[in-house]
Amino acid sequence: MSAPTADRPATEFDTVSADATATSDSTETAPRLGLRKFRDELPLPKVIKIADTGDEHRTVSMRAKVGRHRFHRDLPETDVWAYEGQLPGPTIEVRRDTPATIDWVNDLFDSDGDPATLPYDVVRVPPSTTPTPTTRIAMTPGGRSVKLDPTGAADDSYPALAGTDDLTGATVVHLHGALTDGHNDGWSHNVTAPGGRTRVLYPNKQESATLWYHDHAMAVTRFNVYAGLAGFYLLRDANEASLKLPSGPYELPLMITDRNFETRVPKQPGEQRFTGRPIYKQAGIVAVDSDGEAVDTEIPVSGPFTLVNGKVWPTKKVTPRWYRLRILNACSTRTLVLAVHNTTNESAPPSSPANNTDSAGFIPDRVTPMSVIGTDGGLLAAPAPVSTLEIGPAERYDVLIDFRSLAGQTLELRNEQGTFINAGPGEADATIMQFVIGKSAASDADWEPPVELNPDYRRYLHVGTDLQVGSQTIHSHEHFWVALIPPGPGGKGHPELWELRQLGSTEPSPGHDLIKVIDPRDATLPPAERKVLRFVPVAKLFDDANSIVFSEGSWAVWNILHLGGPPHPFHIHMTQFQMIERGQWDLAALGEEGWNADNGTTGVLPIPVDSAIDPVRQGMKDTYLIKPGEWVKLLGDFTGATGSFMYHCHILDHEDHTMMRPFVVLPKELMAFHGAHGSGHH
């Protein structure tokens, strides 16, 4: 069914009052955001298992197509873009070293056989002229495009973002976390139009891990993923099987996302009638460019409704035993701080902060049954018990949760990051999903997690000028430098990603775009003897010339300098990394010495204060949440694949604008004939 427009008004199949179909099994009597919680059972995606048949030509076909989906029991079905028509897409399971050949088919056509346009509207909330911040207005449930309100009767009708009404589904799939050659990796320019297909080979020569596949089309990834183009990809191996971890109905893949939903033009004040369609509702801001001209831009989108596996605030009945949760933050923007709260007898006032510990307010009953056993790239060496778990966009955590002592109780998995219990319009609600724990103990209730999880795990260290990888010493490696720049250089509204080059000792310093840091290796020297490292950007945009090239089999340290702005989930394709150093500057105390937005320079940044790397973040990862003021060093081994790859911020609005760059891995024999080289090695 095509989207409603002014020419084709919404019908009873497009719209429903959220309250009209609510039934007595809801646990919430007054939904402040318009939808009741826990109306849907947690759905689990269909599983496609790829077996090792010995036939290297056997292919699996995965179609991106227009499907019908109901996001909440009290909403009608609506069109989505989804792999095999289901949201999330099917979970692909494959064993280590079993190659998988997949035909990614673009079948995104509408019912008339024409290329389908986005199954939702993208709108821009103009900068607020009232005391209510624009971001709060954008987070308020509902609203619509002005094309559905031609008379301008409602104050929550907004203009479409230019070009989005005509946007059709050009797609390219990235298997996030996969070790595969560049031509299989989902290069953003290699899009396929509706009617086309792309055949890729995933060797799967890596340990068991939680991967995921999603669209990666240049400049429109945020729109395609919001439309529904994402799914799990689980790698299995013999070590994982030997651990006898919870499996089958006790292993739950949880894809956490957020959405806002469109409402019809109200017939009377306060009326809220959802159509079932998502709405991509961005807060508009006005920046000033280098010529003093006003430039309209937008803040990355977040929605008021949290979804798990495509359902708003679902519920899951569980037995009092251990469960395994494969958690993926698939939000476009939002960082989550996960915690489990006992809500059996909870009576929280409206808008109670979810992370409150002040006795003057409502204090949630946080329970701590979680142990992290794996990260993006595989299992940890040993379980790491946690009370909360921070997870940025695109990060994955493999978590064991123990329900045995909580029989007969009700829990909620919540996000404590800037959220509220029983939130109101414009606020972020803490609820992610509910667990209702049965009273009958499971037959295997005495199972305990293994003390050792991964005998192949090796800790990476930077010792002097060498690398230490377990018991192996590596004498040669590359260093690369990247700066995460706050909004504002040249008057631009989006943060930027700068690829840096170190200036030689005799090169003059430019009057702008200069970053200066103290070499941490000089920490023991008197201040006057410490060396100042100077850097200038060699690339700021994706299409600038490539400057990072290494030979296959080389090791590299990526130095990430976060000079201000929001946290950035930093993703590097092709391999897995370990965080080997983490330092912190106090940017507020440094003031303009830390970052001068007028000329894009820093003062001499001091040696940052060391920050501990906890056991969870010592795991193998491909995505790291880099905080403002951090200098993070990531060490990776670029072995097992060649070609052109990408690295970028995984806030999808940032990725689609100015925060993505390429790099190249070539066979060693070719490097002698290639003029490019790394920014430094020792």
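**Exercise 1.** In which loop does Pro88 lie, and what kind of peptide bond joins Leu87 and Pro88?

*Solution.* The model is a predicted one.
Step 1: find Pro88 along the chain; it sits in the loop between E4 and strand E5 (89–95).
Step 2: read omega for the bond between Leu87 and Pro88, which is about -5°.
Step 3: name the bond; Leu87 and Pro88 are joined by a cis peptide bond.

**Exercise 2.** Establish where the predicted coordinates deserve a detailed reading.

*Solution.*
Step 1: take the overall confidence. The protein has an average pLDDT of 92, and 93% of the residues score at least 70.
Step 2: locate the weak stretches. Residues 1–28 have a pLDDT below 50, yet this stretch makes 67 contacts in the model beyond near neighbours in sequence. Residues 676–682 also fall below 50, with 24 such contacts.
Step 3: apply the general caution. Where pLDDT is low, the coordinates should not be read in detail.

**Exercise 3.** Describe how domain 1 and domain 2 meet, from the overall layout down to residues.

*Solution.*
Step 1: set the bounds. Domain 1 covers 47–345 + 359–437, and domain 2 covers 460–676.
Step 2: place the domains. Their C-alpha centres are 28 Å apart.
Step 3: count the residues in contact. Domain 1 contributes 53 and domain 2 contributes 42.
Step 4: take the buried area. The two domains bury about 3500 Å² between them, with 55% of this on carbon and sulfur atoms. On the domain 1 side, Leu179, Trp187 and Arg222 lose the most area to domain 2, together 16% of what that side buries.
Step 5: list the polar links. There are 29 residue pairs in polar contact between the domains. Strand E16 (residues 273–288) gives the most to the domain 1 side, with five residues. By class, that side has 23 nonpolar, 21 polar and nine charged residues.
Step 6: add the salt bridges. Seven are found across the interface. Arg222 and Asp656 are joined by a salt bridge between their side chains, at 2.9 Å from N to O. Arg222 is thus listed twice here, once for lost area and once for a salt bridge.

**Exercise 4.** How many salt bridges does the structure hold, and which strands does the pair Arg68 and Asp79 link?

*Solution.*
Step 1: take the total, which is 50 salt bridges.
Step 2: check the pair. The closest N and O atoms of Arg68 and Asp79 are 2.8 Å apart, inside the 4 Å cut-off for a salt bridge.
Step 3: assign the strands. Arg68 belongs to strand E3 (residues 59–69) and Asp79 to strand E4 (residues 78–83); the two residues are eleven residues apart.

**Exercise 5.** What is the sign of phi at Ala219, and where is the place of Ala219?

*Solution.*
Step 1: read phi. Ala219 has a positive value of about 75°, although this residue is not a glycine.
Step 2: place the residue. Ala219 is in the loop between strand E12 (209–215) and helix H2 (221–226).

How values were computed:
Residues are numbered from 1 along each chain as its sequence is written. This is a predicted model: local features need pLDDT of at least 70, side-chain atom pairs count only at pLDDT 80 or more; totals for chains, interfaces and linings use all residues. Side-chain values use heavy atoms; hydrogens and water are left out. pLDDT is the predictor's confidence in each residue, from 0 to 100. Contact means heavy atoms within 4.5 Å. Domain bounds come from an automatic or database domain assignment. Buried area is the accessible area (1.4 Å probe) that two parts lose on being put together, summed over both. A polar contact is a pair of N or O atoms within 3.5 Å; within protein, one must be able to donate a hydrogen and the other to accept it, and residues adjacent in sequence count only if both atoms are side-chain atoms. Helices (H or I, at least four residues) and strands (E, at least two) are DSSP runs, numbered from the N terminus. Ala, Val, Leu, Ile, Met, Phe, Trp, Tyr, Cys and Pro count as nonpolar, Asp, Glu, Lys and Arg as charged, and the others, Gly among them, as polar.
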